Amino acid sequence: MGMLQEFRSFAIKGNVVDLAVAVIIGAAFGKIVDSLVQDIIMPVVGKLIGGLDFSNYYLPLNHQGMNLPLAEAKKAGAVLAYGNFLTILLNFLILAFIIFQMVRLINKARTLGRLGDKEEAAPAAPPPEDVLLLREIRDALKTPQGRI
C-alpha cells in the first residue's frame with residue numbers, strides 16, 4: 001500500500017501533471033505543423049521546383065525507374081528518398097523556430113516580472129547620521145582599551 005500511495009502523490013504533483021499536459025499539447029501541435037508542412041508549404045515548394053509531390057522525390061539505387069511513385073520504387077528496391085527527408089527537416093525547423101519564439105517570450109515575461117519585483121522593493125534609505133555616529137561609539141566601547 002505504501003508504494004501505491006507514494007506513486008499517487010508523485011503522479012498528482014503539479015510538475016508531473018504539467019509535463020503530461022505539455023506532452024499532449026506538443027503532440028497535437030506537432031500534427032498541426034505536419035499538416036502545415038505537408039499540405040500547404042511542400043506543395044508550393046514542389047510546384048516551384050516543377051514537381052507535383054515533393055515527398056515523392058527520390059534517387060533510385062536499384063535501377064528502378066524515376067517515374068514510379070515512392071512507395072512503388074521502395075517495393076522494387078532501395079531508394080534515397082531525399083524529398084521525404086527535406087519535408088521532415090522543414091517540419092523540424094518550423095517546430096524548432098516556434099518553440100524558440102515561445103521560450104524567448106517566456107524568458108522576456110520572466111525578466112519583466114523580476115524587474116517589477118525589484119521596483120516594488122525599493123532599497124531602504126540610509127540611516128541618519130546621528131544613528132551612524134552612535135553605532136561607531138558603541139563599537140568603539142566594545143573594543144578593549146589600547147586596541148584599535
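This text walks through a predicted model, from its overall layout to its cores, its largest pocket and three leucine and isoleucine positions.

Start with the layout. The protein has 5 helices and 2 strands. Along the sequence they follow the pattern α-α-β-α-β-α-α. Among the helices are H2, covering residues 14–49, and H4, covering 82–120. Strand S1 spans 59–60, and helix H3 spans 70–76. Strand S2 spans residues 79–80.

Next, the bulk numbers. The chain has 148 residues, and 13% of them count as buried. The accessible surface of the protein is about 12300 Å². Carbon and sulfur atoms hold 67% of that surface. Now take the contacts with a sequence separation of 6 or more. Of these, 38% join residues 24 or more positions apart.

Where do the buried nonpolar residues gather? In soluble globular proteins, nonpolar side chains tend to be buried together. Here the largest nonpolar core has 6 residues: Val33, Val37, Met42, Phe54, Tyr57 and Ile94. Helix H2 supplies the largest share of this core, with 3 residues. A second, separate core has 5 residues, including Leu70, Ala73, Val79 and Ala81.

Val37 is a good place to look inside the largest core. Which residues does Val37 contact, leaving aside neighbours within four places in sequence? They are Met42, Pro43, Thr87, Leu90, Asn91 and Ile94. Two of these contacts, Met42 and Ile94, are also members of the largest core.

Now turn to the largest pocket. It encloses about 210 Å³ of space. Its lining consists of Ala22, Ile25, Gly26, Phe29, Gly30, Leu95, Ile99, Met102, Val103 and Ile106. H2 and helix H4 are the elements that give two or more residues to this lining. What classes of residue form the lining of the largest pocket? There are 8 nonpolar residues, 2 polar and no charged ones. Gly counts as polar here, so Gly26 and Gly30 are the polar pair.

Three single positions remain. Each is nonpolar by class, so each can be checked against the cut-offs for burial. The first stop is Ile98, found in helix H4. Why is Ile98 missing from the largest core? A core takes buried residues, and buried means under 20% relative accessible area. Ile98 has 26%, so it is partly exposed and does not qualify. Its C-alpha atom is 9.9 Å from that of Val33, a core residue. Along the chain, Ile98 and Val33 are 65 residues apart.

Leu80 comes next, in strand S2. Its relative accessible area is 45%, so Leu80 is partly exposed and falls outside the cores. Beyond residues up to four places away in sequence, Leu80 touches Tyr57, Tyr58, Leu59 and Leu61. One of these, Tyr57, belongs to the largest core. The C-alpha atoms of Leu80 and Pro60 are separated by 6.4 Å, with their positions 20 residues apart along the chain.

Leu68 is the last stop. It lies in the loop between strand S1 and helix H3. Leu68 has a relative accessible area of 32%, so it too is partly exposed and is left out of the cores. Not counting residues up to four places away in sequence, Leu68 touches Tyr58 and Ala73. Ala73 is one of the residues of the second core. Leu68 and Tyr58 are 10 residues apart along the chain, and their C-alpha atoms are separated by 9.8 Å.

Note on methods
Residues numbered from 1 in each chain as written. Predicted model: local features only at pLDDT ≥ 70, side-chain atom pairs only at ≥ 80, totals over all residues. Heavy atoms only, no water. Core = buried A, V, L, I, M, F, W, Y, C linked by side-chain atoms within 4.5 Å. Buried < 20%, exposed > 50% of the residue type's maximum accessible area, 1.4 Å probe, protein only. Helix = DSSP H or I, 4+ residues; strand = E, 2+ residues; numbered from the N terminus. Contact = heavy atoms within 4.5 Å. 1 Å grid on protein atoms, 1.4 Å probe; cavity = no way out; pocket = protein on both sides within 12 Å on 5 of 7 lines; lining within 4 Å. Points joined across faces, edges and corners; volume = space filled by probe spheres on them. Areas by Shrake-Rupley, 256 points an atom, 1.4 Å probe, with all protein chains shown as cover.
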